[in-house]
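Biologist: Please take one part of this model for a close look. I would like a connected account of how that part is assembled, with the criteria behind each term.

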Amino acid sequence: MKTSAKKTKEKKREARPEPRQMENAALESADALGFDASLLLRSSVSSSLPIRAKVVKKEEENDLVSLLTLDVQMPNAMPGQFVMAWRPGMDEKPMSVAEVKPSLQLAIARAGPCSERLADAKVGDTIYVRGPLGKPFWPVGRKWLMVGGGYGFAPLRYLARVGMENGIEVESVCGARNKGLLMRPGPGKNHVTTDDGSEGKKGNVMAVLQPLLSSQKFDCVYSCGPERMMKAVAEVCKKHGVKSQLSVERYMKCGIGVCGHCAMGGWLSCVDGPSIDGEEALANPAFGVYHTDRAGRKIKY
Ligand SMILES: Cc1cc2nc3c(=O)[nH]c(=O)nc-3n(C[C@H](O)[C@H](O)[C@H](O)COP(=O)(O)OP(=O)(O)OC[C@H]3O[C@@H](n4cnc5c(N)ncnc54)[C@H](O)[C@@H]3O)c2cc1C
Ligand code: FES
């Protein structure tokens, strides 16, 4: 019994894709697109200290999300990376880089006390940001599909803009629970879904993704949003033989690989990710199954 269990374990290990191999294949195209190819390797422990940032523009993207433009130039922050954002009196929270032109932008959804405090910052207020941190998305091929749920569409919109400026063909699917929670469209062709049918196609992003994958050949599907949505996206991509990349959010504290709080199995979201190959994520037994709360307790999805 023991030997067969060992064999099954070894087989499973062999079946796992080799992430570094996939990344190496992407290094050349990353350079060509102006991406910093060195960022595709596990991000090293950063010693960056928080930078003082003033809010210079504030837009309400939807009923929950405020888009803050900060007076911080962070041109080297790539799509898929994040910053730790902080206002005195609260914990630091990870926020994806939503845009770097004309300066750093964060799309902040009111999810709890800290994100509310950040989203409530007014023009002229000061917040602090530390970063850029984490591993960005990496370019694969010349035809991309973005699939975003809720505020998760923000980093994909930035990726779509960079891709299109570099001659990549980009289409997007943007989903939300209802019309009031939809993010603004990105560049290129956009498809919209809402769970309640108040705008675009009724249903979740899969309602549009499945027919798109059946009718067109994409080189890579990039996804960011709720973890169970991304799991479904990665599974359907695998079924269609299409590469996928996801941005996996886990409860973060240090953001630099020290505390271990953001672990998904042996994978650390803050330094090994948040960007991850879809098949690598599917091979992780914690993906889409449970996450941890502030105290490190396991919570089932
Ligand atoms: C890499 C990364 C990028 C992110 N990008 C964005 C973004 O662009 N815009 C945005 O609005 N939110 C983003 N988030 C999520 C954001 O950090 C949390 O929603 C926020 O921290 C909620 O904190 P809170 O104190 O307001 O709410 P809480 O009451 O603490 O939590 C509300 C919910 O958010 C989860 N959460 C709380 N803190 C974290 C954390 N540090 N990391 C992950 N989940 C957490 C909780 O489990 C809970 O489900 C990102 C998270 C990660 C890991
Ligand atoms: S947040 Fe501390 S190791 Fe990732």
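**The seven-stranded sheet and its helices**

Modeller: Helix 6 (residues 227–239) lies across strand 7, strand 11 (220–224) and strand 12, and runs at about 170° to strand 12. Such angles run from 0 to 180 degrees between N-to-C directions, with axes fitted as lines to C-alpha atoms, for helices over the stretch in contact. Helices (H or I, at least four residues) and strands (E, at least two) are DSSP runs, numbered from the N terminus. The model is predicted: local features need pLDDT of at least 70 and side-chain atom pairs count only at pLDDT 80 or more, while totals for chains, interfaces and linings use all residues. Residues are numbered from 1 along each chain as its sequence is written, and chains are lettered from A and ligands numbered from 1 in the order in which they are written.

The sheet itself is open, with seven strands in the order 10-9-8-7-11-12-15 and mixed pairing. Its edges are strand 10 (201–202) and strand 15 (275–277), each of which pairs on one side only. Pairing requires that DSSP find at least two bridges between two strands. At one edge, strand 15 pairs with strand 12 (residues 243–247) in the antiparallel sense over three bridges, and Ser275 of strand 15 is the bridge partner of Ser247.

Helix 5 (residues 206–215) also packs on this sheet, where it touches strand 7 (143–149), strand 8 (169–176), strand 9 (189–194) and strand 10; the direction of helix 5 makes about 140° with that of strand 9. Contact here means that the C-beta atoms of two residues, placed from the backbone, lie within 7 Å.

Among the strands touched by helix 5, strand 8 and strand 9 pair in the parallel sense over six bridges, with Ala176 opposite Thr194 of strand 9. Strand 9 and strand 10 are likewise parallel, over two bridges, and Lys201 in strand 10 is the bridge partner of Thr193.

How does helix 5 present its residues to these surroundings? Val208, Leu209 and Leu213 of helix 5 are buried. Seen down the axis of helix 5, the buried residues fall within an arc of 125°, so they line one face of the helix; the arc is that of the directions from the helix axis to the C-beta atoms. A residue is buried if 20 or more other C-beta atoms, placed from the backbone, lie within 10 Å of its own, exposed if 12 or fewer, and partly exposed in between. The buried residues of helix 5 are covered by elements including strand 7, strand 8, strand 9, strand 10 and helix 6. On the face turned away from the buried side, helix 5 carries the exposed residues Pro211, Ser214 and Ser215.

For context, the protein chain has seven helices and 17 strands, and buried residues make up 45% of its 301 residues. Among contacts between residues at least 6 apart in sequence, 62% join residues at least 24 apart. Elsewhere in the chain, Leu104, in the loop between strand 4 and strand 5, counts as buried because it has 24 C-beta neighbours inside 10 Å. Leu104 lies 32 residues from Val72 in sequence, yet their C-alpha atoms are 5.6 Å apart in space.
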